[in-house]
Amino acid sequence: MIRIAAVGDVHVDKDVLGRYRPALEQLPGIADALLIAGDLTRHGTVEETKCMAQEFGDLGVPVVVVLGNHDHQSDQQDQVADVLRDSGMTVLEGDGVVLEVRGHRLGIAGAKGFGGGFAGACASSFGEREMKNFVGTTEAIADKLGDALRSLECDALVALTHYSPVPETLVGEPLEIYPFLGSYLLGQAIDSAPTALALHGHAHHGTERGRTPGGVPVRNVAHPVIKQAYNVYQLLSEDVDAGLVTV
């Protein structure tokens with residue numbers, strides 16, 4: 001069994017320091033790794049990222065993250081990623097990592113993701129160059145995510161994104177903004193590999209649980225949705241939700 005703690009949309013700045021830390025310090029006894037599904041900061045500045053690294057660093061378990069749209073706001077995403085890596089975190093964008101956990105290999109493939117919508121209500125690569133570029137961005141990110149998932153040799157495989165791969169975990173958000181919260185292409189990428197669990201954030205007013213068309217459990221771990229410092233899920237178990245704890 002592998003236990004994964006997960007959260008997203010923590011939006012750390014200096015006024016957030018100390019808010020998550022008491023629960024985070026319990027992690028070594030609760031989970032084997034922490035996965036963070038983007039929006040680590042409010043505006044994607046280096047100073048905010050240093051606060052995030054202080055709050056979520058040196059936890060005694062591996063920390064694996066993807067960036068979110070907020071982390072791109074100041075066009076400092078490369079510096080943001082560097083600060084996080086310097087603090088010991090693994091930052092994924094179209095690639096993956098394999099962790100040795102409890103005698104098992106935990107594979108994590110990650111990407112920010114992008115919008116575009118879902119079956120029956122999605123953008124298409126047709127018409128203006130701007131629309132083709134929009135859809136092309138999602139296609140490229142989804143292709144890299146799928147490649148990363150399929151490339152990992154592991155016992156349990158997790159997909160980590162910021163944008164949602166399914167509409168079910170967006171329920172509670174206005175239908176009009178679904179195309180800006182995720183894309184079915186991410187779901188297709190997840191279904192192209194033997195993925196055990198998909199984690200995302202971004203939809204603050206969404207719903208926690210969903211499934212891809214291929215049956216992969218999807219969990220929206222945005223902090224406003226789970227309403228605690230993190231949720232804990234179990235892999236190599238009959239029920240991924242069996243490890244849920246209150247923190």
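Let me begin with helix H5, whose buried residues pack against H4, E9 and E10. What you have in front of you is a predicted model, and everything I describe this morning is computed from that model. The residues of H5 that are buried are Leu185, Leu186, Gly187, Ala189 and Ile190. At the start of this helix, a side-chain oxygen of Ser183 comes to within 3.0 Å of the backbone nitrogen of Leu185.

From H5 I move to its partner, helix H4. This helix covers residues 129-151 and lies across E5, strand E6 (104-111) and strand E9 (156-161). Its direction is at about 170 degrees to that of E6. Does the length of H4 agree or disagree with what its residue count predicts? At 1.5 Å a residue, its 23 residues should span 33 Å, and the end C-alpha atoms are 32 Å apart, so the two agree.

Which residues of H4 are buried? They are Val135, Thr138, Ile141, Ala142, Leu145, Gly146, Ala148 and Leu149. An α-helix has 3.6 residues a turn, so residues three or four places apart point the same way. The buried residues of H4 pack against E5, E6, E9 and helix H5 (184-191). The packing thus appears from both sides, since the buried residues of H5 in turn pack against H4.

Now to the sheet beneath this discussion. It is an open sheet of six strands in the order E5-E6-E9-E10-E12-E11, and its pairing is mixed. At the edges are strand E5 (95-101) and strand E11 (209-211), each of which pairs on one side only. From one strand to the next, the twist averages 25 degrees. Within this sheet, strand E10 (residues 197-200) and strand E12 (residues 217-220) pair in the parallel sense, over three bridges. His200 stands opposite Asn220 in E12.

I turn next to strand E13. How many of its residues are buried? Five of its five residues are, and the strand is mostly covered. Asn231, Tyr233 and Leu235 point one way from E13, while Val232 and Gln234 point the other way, and all are buried. Strand E1 (residues 2-7) runs antiparallel to E13 and is joined to E13 by five bridges. Opposite Val232 in E13 stands Ala5.

In the segment after strand E13 (231-235) we find Asp241. Is Asp241 buried or exposed? Its relative accessible area is 10%, and Asp241 is therefore classed as buried. Not counting residues up to four places away in sequence, Asp241 touches Arg209, Arg219 and Tyr233. With one of these, Arg219, there is a polar contact between the two side chains, at 2.8 Å. Asp241 and Gly38 are 203 residues apart in sequence, and their C-alpha atoms are 21 Å apart in space.

My next residue is Thr41, in the loop between strand E2 (33-37) and helix H2 (46-56). With a relative accessibility of 0%, Thr41 counts as buried. What does the side chain of Thr41 reach? It reaches the backbone nitrogen of Gly44, at 2.9 Å. The side chains of Thr41 and Asp71 are also joined by a polar contact, of 2.7 Å. Leaving aside neighbours within four places in sequence, Thr41 is in contact with His11, Val12, Glu48, Thr49, His70 and Asp71.

Helix H2 itself contains Glu47. Here the relative accessible area is 54%, so Glu47 is exposed. Glu47 and Asp15 are 32 residues apart in sequence and 12 Å apart in space, C-alpha to C-alpha.

I close with the cysteines. How many disulfides does a search of the whole structure find? The search finds zero. As for individual cysteines, Cys51 has a relative accessible area of 12% and is buried, whereas Cys122, at 37% relative accessibility, counts as partly exposed. The cut-offs explain these two labels: buried means under 20% relative accessible area and exposed means over 50%, with partly exposed in between.

Definitions and conventions. Residues numbered from 1 in each chain as written. Predicted model: local features only at pLDDT ≥ 70, side-chain atom pairs only at ≥ 80, totals over all residues. Heavy atoms only, no water. Disulfide = S-S within 2.5 Å. Buried < 20%, exposed > 50% of the residue type's maximum accessible area, 1.4 Å probe, protein only. Helix = DSSP H or I, 4+ residues; strand = E, 2+ residues; numbered from the N terminus. Contact = heavy atoms within 4.5 Å. Polar contact = N/O pair within 3.5 Å; in protein donor to acceptor, adjacent residues only side chain to side chain. Pairing = 2+ DSSP bridges. Axes fitted to C-alpha atoms, helices over the stretch in contact; angles between N-to-C directions. Expected span 1.5 Å × (residues − 1).
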